[in-house]
Amino acid sequence: MNRRTLVILAFIIGVIAIGFVLYIMFFKPLPPAVNQNGNLNTNSVLPNINGNVNRPQNVNGGLPNINTANVNKPTANVNAGPAVIADGGDTQVKTLISANAFDTVIDAKGNLRYYDKASGQFFKLDENGNLIALSQVKFPEAEDIAWSPSRSQVIVSFPDDSKIFYDFENKKQATLPKEGQDFSFDPTGTQIAFKYNAANEADRFLVVSSPDGSSITPIEPLGENGSRVQVNWSPNNQVIATYSPGLNDTSQEVLLVGKNGETFKSIATAGRGFEGTWSSNGQQMLYSVYNAQTNYNPTLYIVNAQGDAAGTNNRPLEINTWSDKCTFNKAGTSIYCAVPDTSSLPAGSGIYRNQANNTTDSFYSVDLLTGAKNKLAVPVGSDGSRQFSAKNLWLSADGSTLYFTDGPTGKVLEMKIH
């Protein structure tokens, strides 16, 4: 071979060698991967380093849902909202009257009746939710209302001390003496008791009369003690008023005054500021007093208040509220109370009650037979509001529904409790 032929052969062999090296380095397939156990991994995809072989893929190309680990767990409905029937926690309350209701009561048919401050008229809310005026007569700026047991008659007191008796069924009206205060009907609605607070102390009496103010009969002289007398005719027709002089700086004696002037056995209280509410049958009295141990805030007691048993079984219920923020069930065996939250009740509210006008209330029930006390509900409005300061509590005839008025707004609300 000549020199030129050798050079060409050498060049061809070099090109082939270089190509082979490039093939080995860059193009030859790698051998199958071997796992730690010596077994072949026949999958070409990388193993899931988190071990979560069931992780769902995001087919939309976005970030994966970080909560997907819980997709197979049963979840509670944390946003279920307030309970429909009271169970001790947040409970729905339904607005029946939107504003300006005053001295709300329930009639024999279960209809709400009330005085509307804005219009000066009396209305009822029937079972179909219709508002019906009880009369076209207006009573502007009324400041106190006394209802008859039948809810068909009222005594209305005004800021100028004028008093009007009105009968809705018979459309009759009568003027009562300006000296009259604290009117209360008897259980039949045929008589009233009130304080006749004349300018002359010697002429001041606890009296009984017909509802239109005729046939006035003096029962007991009041003298300078009228402020210590609370007129409150008992459901059993025995007592018409209580007289509560102070025993000392920490207690009071409460005397029960009969409709014929009788004075029954007295009740000794463990505090001052006595306010009483009769049980449904008139056998017991729920009352509130304040003392230093309660930071001069009201606390509830229950006591027998009939005949020779009056004053016995006088026991605390360990609830800090006023007796007029409670209502009895029909049998008189339990009570339902609106109780201001401790954080919103200023010390001394038993003495200066106006401090508590805008407190936030929860509801409690007490079994008077066993003494068991239960938190019934925290009221929550349809708008999520929780600040209700309740008064005028009433139970429906079947005991399933509790009605109350929000003091600051005059709203009337209902809450299912059974």
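A cavity is a set of grid points where a 1.4 Å probe fits but cannot get out. Rolling a probe the size of a water molecule over the atoms shows where empty space is left. The structure examined here is a predicted model, and by this rule it holds 1 cavity of 30 Å³ or more. The volume of the largest cavity is about 30 Å³. Its lining is formed by R272, G273, E275, S288, V289, Y290, P298, W322 and G350. Two elements, β19 (272-278) and β20 (284-290), each give two or more residues to this lining. In chemical character, the lining residues divide into 4 nonpolar, 3 polar and 2 charged.

The surroundings of strand β4 were examined next. Strand β4 spans residues 112-116 and is mostly covered, with 5 of its 5 residues buried. From this strand, L112, Y114 and D116 point one way, whereas R113 and Y115 point the other way. The residues on both sides of β4 are all buried; for each of them, that term stands for a relative accessible area under 20%.

Strand β4 has pairing partners in β3 and β5. Strand β3 (residues 101-106) runs antiparallel to β4, and 4 bridges join the two. Within this pair, F102 has Y115 of β4 as its bridge partner. The hairpin of β3 and β4 has 5 residues between the strands, and in this hairpin G110 takes a positive phi near 85°. The pairing of β4 with strand β5 (residues 121-125) is also antiparallel and extends over 5 bridges. Here L112 of β4 is matched with L125 in β5 as its bridge partner. In the hairpin of β4 and β5, 4 residues lie between the strands, and G120 takes a positive phi near 75°. Y115 and L112 thus serve as examples of β4 residues that are buried and that also take part in bridges, Y115 with F102 and L112 with L125.

A further set of strands forms an open sheet. This sheet comprises 5 strands in the order β1-β26-β25-β24-β23, and its pairing is mixed. At its edges stand β1 (90-92) and β23 (326-328), each of which pairs on one side only. From one strand to the next, the twist averages 30°. At the β23 edge, the neighbouring strand is β24 (residues 334-340), with which β23 pairs in the antiparallel sense over 3 bridges. Within this pairing, T327 stands opposite Y336 in β24.

Positive phi values were also found in residues other than glycine. One of these residues is D182, whose phi is near 55°. D182 belongs to strand β11 (residues 180-185). Its relative accessibility is 37%, and D182 therefore counts as partly exposed. Another such residue is N313, with phi likewise near 55°. N313 is placed in the loop between β21 (298-304) and β22 (315-316). Because its relative accessible area is 43%, N313 is partly exposed. D182 thus lies in a strand, whereas N313 lies in a loop.

Note on methods
Residues numbered from 1 in each chain as written. Predicted model: local features only at pLDDT ≥ 70, side-chain atom pairs only at ≥ 80, totals over all residues. Heavy atoms only, no water. 1 Å grid on protein atoms, 1.4 Å probe; cavity = no way out; pocket = protein on both sides within 12 Å on 5 of 7 lines; lining within 4 Å. Points joined across faces, edges and corners; volume = space filled by probe spheres on them. Nonpolar A, V, L, I, M, F, W, Y, C, P; charged D, E, K, R; others polar. Buried < 20%, exposed > 50% of the residue type's maximum accessible area, 1.4 Å probe, protein only. Pairing = 2+ DSSP bridges. Axes fitted to C-alpha atoms, helices over the stretch in contact; angles between N-to-C directions.
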